Amino acid sequence: MQRDHIPRDTDLMHAHDIASTTLHPFDARGIGKRFRHAAIFGALDALTPGEAMRFVNDHDPLPLLAQLRERYDDSLSIVYRQREAGAVVIDFTMLEDDNQRGGTCCGSCG
């Protein structure tokens, strides 16, 4: 999987060290609609604090965003990069949150 870094001039809603953020691409357009939310949750659950996922979709996923806010609360930054009909790009960045993410990994993930 290709890893890019978010440019320093990016404007994020939550303050964190942007220079050290690793960005993983995720294009939801190629995933069957009935599998999308599960795939997105799985990808986000695999992120460690400081990592980000650049999400690309053909529509604005408002119900998904509500689910993400409920599931991750303040440990996930959600920033639109593009918001047009037929083209939506959102950066999801996992922030440090010891209360919600601590102790959930068995240690075999790497």
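This is a short walk through one protein model, from its overall layout down to a few single residues.

Okay, so first things first: what we have on screen is a predicted model. How confident is the predictor overall? The protein averages a pLDDT of 80, and 69% of the residues score at least 70. Watch out for residues 1-19, though, where the pLDDT is below 50. That stretch still has 38 contacts in the model beyond near neighbours in sequence, but I'll leave it there and move on.

Now the layout. You're looking at three helices and five strands. If you start at the N terminus and walk along, the elements go β-β-α-β-α-β-β-α. The protein has 110 residues, and 37% of them count as buried. The accessible surface is about 6800 Å², with 49% of that belonging to carbon and sulfur atoms. And one more overall number: take the contacts with a separation of 6 or more, and 57% of them are between residues 24 or more positions apart.

Let's zoom in on the helices, beginning with α1, which covers 36-46. Which of its residues are buried? Arg36, Ile40, Phe41 and Leu44. They sit on the same side of α1, because the arc they cover around the axis is only 130 degrees. Swing around to the other side of α1 and you find Ala38 and Ala46, which are exposed.

Helix α2, residues 62-72, can be read in a similar spirit. Its buried residues are Leu64, Leu65, Leu68 and Tyr72. Here the arc around the axis is only 100 degrees, so these residues are on the same side of α2. Pro63 and Glu70 are on the other side, and they're exposed. If you want the background, an α-helix has 3.6 residues a turn, so residues three or four places apart point the same way.

So where do those buried side chains go? Several turn up in the largest nonpolar core, which has 18 residues. The ones touching the most other members are Leu44, Met53, Phe55, Leu68, Leu76 and Phe92. As for which elements give two or more residues to this core, that's α1, β3 (51-57), α2, β4 (76-84) and β5. As a general point, nonpolar side chains in soluble globular proteins tend to be buried together.

Let me stay with leucine 68 for a second. What does it contact, if we skip neighbours within four places in sequence? Phe41, Leu44, Asp73, Leu76, Ile78 and Phe92. Isoleucine 78 on that list lies in strand β4, and it counts as buried, at 7% relative accessibility. Isoleucine 78 and leucine 68 are ten residues apart along the chain, and their C-alpha atoms are separated by 9.1 Å.

Next, the loop between α2 and β4. Right after α2 comes aspartate 73, which has a positive phi of about 55 degrees although it is not a glycine. Why point that out? Most residues other than glycine have a negative phi. Aspartate 73 counts as partly exposed, at 46% relative accessibility. Serine 75 is in this loop too, but serine 75 is buried, with a relative accessible area of 0%. Its side chain reaches back to the backbone oxygen of tyrosine 72, at 2.6 Å. Tyrosine 72, remember, is one of the buried residues of α2.

Here's a residue I'd like you to find on the screen: aspartate 91, in strand β5, residues 87-94. Buried or exposed? It's buried, with a relative accessible area of 0%. And which side chains does the side chain of aspartate 91 pair with? There are two arginines to look at. One is arginine 54, with a polar contact of 2.7 Å. The other is arginine 81, where the side chains are joined by a polar contact of 2.8 Å.

Last stop: glutamate 96, in the loop between β5 and α3 (98-101). Glutamate 96 is exposed, with a relative accessible area of 57%. Now look across to proline 49. The two are 47 residues apart along the chain, yet their C-alpha atoms are separated by 5.1 Å.

That's the tour. Happy to spin the model around if anyone wants another look.

Notes. Residues are numbered from 1 along each chain as its sequence is written. Side-chain values use heavy atoms; hydrogens and water are left out. Buried means under 20% relative accessible area, exposed over 50%, partly exposed in between (1.4 Å probe, protein chains only). Helices (H or I, at least four residues) and strands (E, at least two) are DSSP runs, numbered from the N terminus. The arc is that of the directions from the helix axis to the C-beta atoms. A polar contact is a pair of N or O atoms within 3.5 Å; within protein, one must be able to donate a hydrogen and the other to accept it, and residues adjacent in sequence count only if both atoms are side-chain atoms. A nonpolar core is a set of buried Ala, Val, Leu, Ile, Met, Phe, Trp, Tyr and Cys residues joined through side-chain atoms within 4.5 Å. Contact means heavy atoms within 4.5 Å. pLDDT is the predictor's confidence in each residue, from 0 to 100. Accessible areas come from the Shrake-Rupley method with a 1.4 Å probe; for residues, only the protein chains shown count as cover.
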